[in-house]
Amino acid sequence: MKTILRLFLFLLTALPSCVSAAEVTIVVHNDDAFQRQELVEISVDSVRRELRLRADEPFVVRNRAGQQVAYQVTYDGKLLIDAAVKPCGRTSFTIAPGRPEVFRSWVEGKKYPLRKDDIGWENDRGAYRVYGPALQQTGEKSYGIDVWTKNSKELDMSNRYYTDYEGNVTGWANARNGKKDREIDLHTSFHLDHGNGLDCYAVGPTLGCGAPALMVDGQLVMPYCYKSYKILDNGPLRFTVELVYNPARIRQDENVVEHRLISLDKGSNFNKMTVWYDGLSRPCDLASGVVIHSADDQSVVVGKNFVQYADPTDRPDLHGSQLYVATLYPDGAETRKLMYDKPVDGVSGHAIGVKRNLANGERYTYFFGSAWSEYDVRTQTEWQQRVDWFLKSRYRPLVVTMKKASR
């Protein structure tokens, strides 16, 4: 009798896995007449319910050839799959219980205390950073989002930081007459290209590439450095960070706290930015955009729902390349150039999009990103095509459906 009871209890505890469905099928439809490859999303809870899996039970995703493919479950409960779909076609994946293989990561981000609390992140197309409390304490005025160029799919931002740091330590140790050893700097500085890209973007007291700023009486109220952060997703397919900024005096009676939620996907030139504010006593205009370092009208393109720019880099005399930047507004904005009467420190103005009358706590989403002429976007014409393609993909997302499980 005891043996039968033990067997019954064993079967009862094992029941969820015993009755798990064999597999579900995810079908991705592309209704456009051009090739699509991007991350698709579906609720992971709906998949687990269909497979009758507990939250801690693993599963595998396979393509039509039967190969396992990388996937990611995000902090907000989405299952991400990287899907390539032919024009006016469809592709499918199967999901079944099992232990997934270990796949390489295409995105990565972290805090770098050795570089004054930078938060840096990257994917296979570009790298970005925002500045932290340690930098703000120095008094340096670097407000916006920085861009680092890449010409490789490898994740190498950490290596660049540490190589630059070690070069600075060694260079100053070998200093002569108060000057850092130049030869060491030539081999270690992340402001020079060592074959995989560099930091050649000038930010300073500007929006840089894609930072938000409230507008009061037509003037940008620049953000400063972040106060706190939380990394929510860190690969293999998406990076997400939440940032809280120090209170800023917007109007006489307001101390306003800015919140940002930034994510970057594998294969994308564009980050997703969601921004909102606490402490606004009444609605306020919100601007975002890119800094303009030259007054050349041909290098700045202002569209209905985007601004894009061919930046000459921080040293046009040294670098022969261009850095393409853009901010996109699928949900609408008033776009324009904001030029300054007296350019300062090489800054001629900003190309911006303005969201009118943002209310306290209201969330607004837009996109910002970059490309480098020494990688896969050679000209500004190609960059415009990349901008147009991304906006089209936002207005006509791939359609994802789930077929019932076979048991």
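How many bridges pair strand 20 with strand 21 (residues 323-328), and in which sense do the two strands run? Strand 20 and strand 21 pair in the antiparallel sense, and 6 bridges hold that pairing. Here helices (H or I, at least four residues) and strands (E, at least two) are DSSP runs numbered from the N terminus, and two strands are said to pair if DSSP finds at least two bridges between them.

The model is predicted, so that local features are given at a pLDDT of at least 70 and side-chain atom pairs at pLDDT 80 or more, whereas totals for chains, interfaces and linings use all residues. Residues are numbered from 1 along each chain as its sequence is written, and side-chain values use heavy atoms, with hydrogens and water left out.

## The chain as a whole

The protein chain contains 6 helices and 25 strands, and its C-alpha trace spans about 90 × 55 × 45 Å along the principal axes. Of its 407 residues, 51% count as buried, where buried means under 20% relative accessible area, exposed means over 50%, and partly exposed lies in between (1.4 Å probe, protein chains only). Taking a contact to mean heavy atoms within 4.5 Å, 69% of the contacts between residues at least 6 apart in sequence join residues that are at least 24 apart.

## Strand 20 and its partners

Strand 20 covers residues 306-311, and because 6 of its 6 residues are buried, this strand is largely enclosed by the rest of the structure. In a regular strand the side chains alternate between the two faces of the sheet. In strand 20, Phe306, Gln308 and Ala310 point one way, while Val307, Tyr309 and Asp311 point the other way, and all of them are buried.

Strand 19 (residues 300-302) is joined to strand 20 by 3 bridges, and these two strands run antiparallel. A hairpin with 3 residues between the strands connects strand 19 to strand 20. Tyr309 is the bridge partner of Val300, and Tyr309 also stands opposite Val325 in strand 21.

## Two open sheets

One open sheet is made of 3 strands in the order 2-5-4, with antiparallel pairing. Its edge strands are strand 2 (36-43) and strand 4 (71-73), each of which pairs on one side only, and the twist from one strand to the next averages 25°. Angles of this kind run from 0 to 180 degrees between N-to-C directions, with axes taken as lines fitted to C-alpha atoms, for helices over the stretch in contact. Strand 2 is joined to strand 5 (residues 78-85) by 8 bridges, and within this pair Gln37 stands opposite Ala84. Helix 2 (residues 44-51) lies across strand 2, strand 4 and strand 5, and runs at about 65° to strand 2.

Another open sheet has 5 strands in the order 12-11-18-23-22, again with antiparallel pairing. Strand 12 (219-221) and strand 22 stand at its edges with a single partner strand each, so one side of each is left without a neighbour in the sheet. Neighbouring strands of this sheet are turned by 45° against each other on average, with direction ignored. In the pairing of strand 11 with strand 18, Cys209 stands opposite Val290, and in the pairing of strand 22 with strand 23, Met339 has Gly349 as its bridge partner.

The table sets out three antiparallel pairs from these two sheets.

| Strand | Partner strand | Bridges |
|---|---|---|
| Strand 2 | Strand 5 (residues 78-85) | 8 bridges |
| Strand 11 (residues 209-216) | Strand 18 (residues 284-292) | 5 bridges |
| Strand 22 (residues 334-344) | Strand 23 (residues 347-358) | 7 bridges |

## Loops and backbone details

Which residue of the hairpin between strand 22 and strand 23 takes a positive phi? Asp345 does, with phi near 55°, in a hairpin that has 2 residues between the strands. Cys88, in the loop between strand 5 and strand 6 (90-97), has a phi near 50°, a positive value in a residue other than glycine. At 58% relative accessibility, Cys88 counts as exposed. Asp217 likewise has a positive phi, of about 55°, although it is not a glycine; Asp217 lies in the loop between strand 11 and strand 12 and, at 77% relative accessibility, counts as exposed.

The loop between strand 13 (226-234) and strand 14 (238-245) holds Gly235, and the peptide bond from Gly235 to Pro236 is cis, with omega near 10°. Leaving aside residues up to four places away in sequence, Gly235 touches Gln72, Ser105 and Val107.
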